[in-house]
Amino acid sequence: MGILEDIYNAVIDGKVEEAATGVEQGLSSGIAVDDLLKKGLLSAMDLVGERFGEGEIFIPQVIWSAKAMQAGMDLLRPHFTESQQQKSARIVIGTAQGDIHDIGKNLVGMMLEGAGFEVVDLGVDIKPERFIEKAVEEKADIIAVSALLTTTMMSMAEVVSLKNEKALSSLKVIIGGAPLSSGFCKEIGADAYGVDAMDAVAKVKELMGL
Amino acid sequence: METGESNLCQPKFRILDDAQIGRVHQAVLKILDEVGVRVNHPQARELLAGHGARVMDDHLVQIPSFLVEDAIASAPSNLVIYNRNKTKVMELGGRRSYFGTGTDLPRTVDLETREIRDTRADDIITGTIISDALPNIDFIGSYGLPGDVPPGLHYIRCFQMEAENSIKPIFFTAESEDDLAVIWEMACVIAGGPQALSDHPFLISYNEPTSPLAHSKEALGKLMFCAKNQIPVNYAPALLAGSTGPVTLAGAFVVAVAEALSGLVIHQLTRKGAPISSGVAATTMDMLEATVSYTSPEFRLTHSACADLFHHYGLPVWGTAGCSDSQYPDLQTGAEYGFTLLNAALDGANLIHDCGYLGQGFVASPELIIFADETIGMVKRYLRGFEIDSEHLALDVIKQVGPGGNFLQEKHTLDFFRKEHWQPGIFNRKNLPNWIKAGKKKADDKLLQKAREILETHQPEPLAAGIKNELDRIWEKARAEFQKKLT
C-alpha cells in the first residue's frame with residue numbers, strides 16, 4: 001500500500017516528480033497497472049475535484065495535481081490494455097475560428113488531462129474543417145470548441161454541420177465559453193455545453209458513458 | 001537589481017498637511033484657553049485648578065495650552081490590548097487598524113422572522129458568538145442593548161455575557177462609576193486580580209463628553225476611575241455639525257477635538273501615562289429629519305482629519321465604520337459599509353468601532369457583522385498594497401511564458417496566488433449558470449445562512465468553571481443591590 005499511497009498523496013499535493021517516481025517504482029515492483037491507475041492516480045484526482053467543488057482548493061492547485069497525474073499517466077500509458085485504452089477518451093480541442101482568447105480553452109484542456117483523458121490541443125483560431133480533419137486523423141472521440149467572442153460563436157455551428165455532413169455520428173462536439181448557453185448548444189445541435197472547466201470534464205464523462 | 005528603495009506600494013492617504021495641522025491645533029488650544037469647557041465633577045475641577053487651569057462660574061474651566069501639551073506628551077502612543085487568555089492581539093497606535101462592533105443598539109432585526117423587534121439579552125450572546133468566529137473582527141462590543149435587563153444592570157449583564165462567549169477584547173459601555181466598578185470587578189476575577197488586569201488588559205471602556213464643550217459628572221467619574229485603575233478607555237465625543245457644534249466642518253472638528261483633549265487632560269492629570277485612546281466623531285445632523293448620520297460624507301472628512309491630527313499627536317485614535325443609516329439591510333447598507341470601512345482604514349484609525357450597525361445607531365442585524373467582516377477582508381487586502389521586487393515583477397516567468405502563453409500552469413502562479421489574491425467568502429464570483437445551479441443565492445441569503453451556521457457550530461472557548469461561578473456571584477450581588485435601591 002506504501003507506493004500507491006505515495007502516488008495518491010503526490011497527486012493531491014501536486015508533486016509532479018514524486019508522482020512519476022511513484023509510478024516507476026510501482027511498475028518495477030509489480031503492482032498491477034489497473035491499481036496504479038485507479039487507486040493511485042484517478043482516485044486522487046477524484047478527491048482533488050471534490051475539494052475544488054467544495055471551494056477548499058483553487059485552480060492552480062488543481063492544475064498542479066493534474067500535472068502530477070499526467071506525469072504518472074504518461075509512464076503508465078505504454079502498459080495499458082486495450083480496454084484501458086478505450087476507457088480514456090481522446091479529445092481534440094481548440095478555440096473557434098476568429099477567436100484567439102485561449103485561457104478558457106487551456107484551462108479546460110488541463111482539467112480534461114487531469115481527469116485522465118488524452119487531449120490534442122490545436123491552439124487558437126481554428127477553422128471548422130481543421131477540427132474535423134484532425135479529429136478523423138487522431139481517431140478522436142470528441143471535439144471541444146471554445147469561444148469568448150460572440151462573433152465567433154457561429155463557427156461552432158459550422159463544426160457541427162460539417163460533422164453531420166460527413167456522417168461522423170460517433171464523434172461528439174462539446175462547446176464552451178463565456179457568451180454561450182445551453183440554449184445555444186441545442187440550437188446548433190452540439191452534443192454538450194460545459195459551463196466551466198469542471199463542468200466540461202463532467203460533460204465529457206457523460207458523453208463517454210463513464 | 002534591487003535598488004534599496006521600498007518594494008512595497010501601498011495606498012497612502014491624508015487630508016491635513018503639516019501647516020493645516022498646526023492651524024487646527026492652535027484653534028483647539030484657543031478654544032480651551034479662551035472659551036473653556038464645562039466640568040461637572042468637583043474632583044476633576046479641583047485637579048484642573050491645582051495644575052493651573054482657571055475655574056470660573058458655572059463649572060466652566062479654562063485650560064492653558066501647557067496642560068494640553070503635557071497631556072498629549074504623557075499619554076501613551078501605543079496601547080497594547082490582550083485577549084482574555086493574555087495573548088497580545090491589538091497594538092492601538094501608528095496606522096494599525098483594528099475593527100469591532102459597537103454597543104447599545106436597542107432594536108434587532110430578528111435572524112429568523114426578519115422583523116425589527118426590541119433587543120433581548122440573548123441577542124448579546126448571538127452577536128458575541130458571531131463576532132468571536134470571524135477573523136476580521138478584532139474586538140467585541142455588546143452590539144445590542146437588552147431591553148429585558150433593567151437599566152443600571154444591563155451593561156454589567158452585557159459584559160458578563162460577552163466575557164463568557166468570547167476570548168476577544170471587550171469594548172464596553174457603563175452607565176456610571178457604579179456599574180463600571182462591578183464590570184471592573186468581573187474583569188479582575190477573569191484576569192486574576194487588578195495587577196494582572198492592568199498588565200494584560202482585555203477590555204476598553206467606551207466613554208464620551210457631551211457636545212458642545214461639556215463633560216458630565218458620570219462621564220468624568222468613569223474617566224477618572226479608568227485612569228486610576230489603568231483600564232484602557234476611549235474618550236471621544238459624538239458631535240453634530242449644525243446643532244451641538246458649528247455647521248462648518250472645520251468649526252465642528254475643532255470643537256470636538258477641544259472636548260477630546262480636555263478629557264485627555266483630566267485623564268492624564270488623574271494618572272500620568274494611564275492608557276487612553278482618543279479622537280472624535282463629528283458628523284452632521286440631518287437638516288430634514290433631525291437625525292444623526294453615521295455615514296455622511298462630511299463625517300468621513302472629519303474622520304480623516306481626526307486621524308491625521310491624532311497621528312501627529314502620537315495618540316491612539318478612534319474610528320467609526322461598517323455602519324449604515326438604513327433601517328434594514330439593503331443596497332444602502334452595502335454602499336455605506338464599503339465606503340466607511342475603506343475610508344476608516346485608509347485614514348489609519350486604530351480602534352474602528354460600530355461594525356454591523358444599522359439605523360443610525362439604533363438597529364442591529366447580526367448577519368451584518370459577517371458582512372462587515374467580509375468587507376474588512378477586502379479593504380485589508382487593498383491596503384496591504386503590492387510588492388515590486390524581482391520575484392513579484394516576475395520578469396523571468398514573463399520571458400518563459402512569452403506572448404500568447406498561459407500563466408495559469410506556472411509554478412510562480414501556484415506559489416503566489418494565495419498571497420497576492422484575496423478570496424471572497426460571501427461575495428459572489430460564480431458565473432451565471434453556476435450561480436443559478438447553486439440556488440441563485442444573493443449575498444443577503446448567504447449572510448443569513450452563515451450566521452445560522454456559526455450559531456449552530458461555533459464553540460467559543462469557555463471560561464473556567466470557577467471564574468464563571470464567581471461572575472455569577474458578582475452578578476447576583478449587583479442585582480440584589482439594584483433591587484434594594486428600587487424598594
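What follows is a conversation about a predicted model with chains A and B.

The model is predicted, with local features needing pLDDT of at least 70 and side-chain atom pairs counting only at pLDDT 80 or more, while totals for chains, interfaces and linings use all residues. Residues are numbered from 1 along each chain as its sequence is written, and chains are lettered from A and ligands numbered from 1 in the order in which they are written.

Biologist: How many helices and strands does chain B have, and what is its radius of gyration?

Modeller: Helices (DSSP runs of H or I, at least four residues) and strands (runs of E, at least two) are numbered from the N terminus, and chain B has 18 helices and 21 strands. The radius of gyration is taken over C-alpha atoms, and the globule rule is 2.2 Å times the number of residues to the power 0.38. For 487 residues that rule gives 23 Å, so chain B is as compact as a globular protein of that length, with a radius of gyration of 24 Å.

Biologist: Which strands stand at the edges of the sheet β10-β11-β13-β15 of chain B?

Modeller: Two strands pair if DSSP finds at least two bridges between them, and the four strands of this open sheet pair in parallel. Within the sheet, β13 (residues 233-235) is joined to β15 over two bridges, and B:Asn234 has B:Ser277 of β15(B) as its bridge partner. Two strands of chain B have a single partner strand each, so one side of each is left without a neighbour in the sheet: β10 (170-173) and β15 (276-277).

Biologist: At about what angle does helix α8 of chain B run to β11(B)?

Modeller: Axes are lines fitted to C-alpha atoms, for helices over the stretch in contact, and angles run from 0 to 180 degrees between N-to-C directions. Helix α8 (residues 217-228) lies across β11 (203-207) and β13 of chain B, and its angle to β11(B) is about 155 degrees.

Biologist: Which residue in the turn between β5(B) and β6(B) has a positive phi?

Modeller: β5 (residues 79-82) and β6 (residues 88-92) of chain B pair in the antiparallel sense over four bridges, with B:Ile81 facing B:Met90 as its bridge partner. B:Ile81 belongs with B:Leu79 to the covered face of β5(B), whereas B:Val80 and B:Tyr82 form the uncovered one. The two strands make a hairpin with five residues between them, and the residue with a positive phi, about 65 degrees, is B:Lys86.

Biologist: Which helix gives the largest share of the largest nonpolar core?

Modeller: A nonpolar core is a set of buried Ala, Val, Leu, Ile, Met, Phe, Trp, Tyr and Cys residues joined through C-beta atoms within 7 Å, and buried means that 20 or more other C-beta atoms, placed from the backbone, lie within 10 Å of the residue's own. Among the 133 residues of the largest core, B:Phe172, B:Ile183, B:Val257 and B:Ala258 touch the most other members. The largest share, 13 residues, comes from residues 249-270 of chain B, helix α9.

Biologist: Which element gives the most to the side of chain A that touches chain B?

Modeller: Contact requires C-beta atoms, placed from the backbone, within 7 Å, and here twelve residues of chain A meet nine residues of chain B. The elements of chain A that give two or more residues are α4 (59-76) and α6 (103-114). With five residues, the element that gives the most is α4(A).

Conventions
Two residues are in contact if their C-beta atoms, placed from the backbone, lie within 7 Å. A residue is buried if 20 or more other C-beta atoms lie within 10 Å of its own, exposed if 12 or fewer, and partly exposed in between; C-beta atoms are placed from the backbone.
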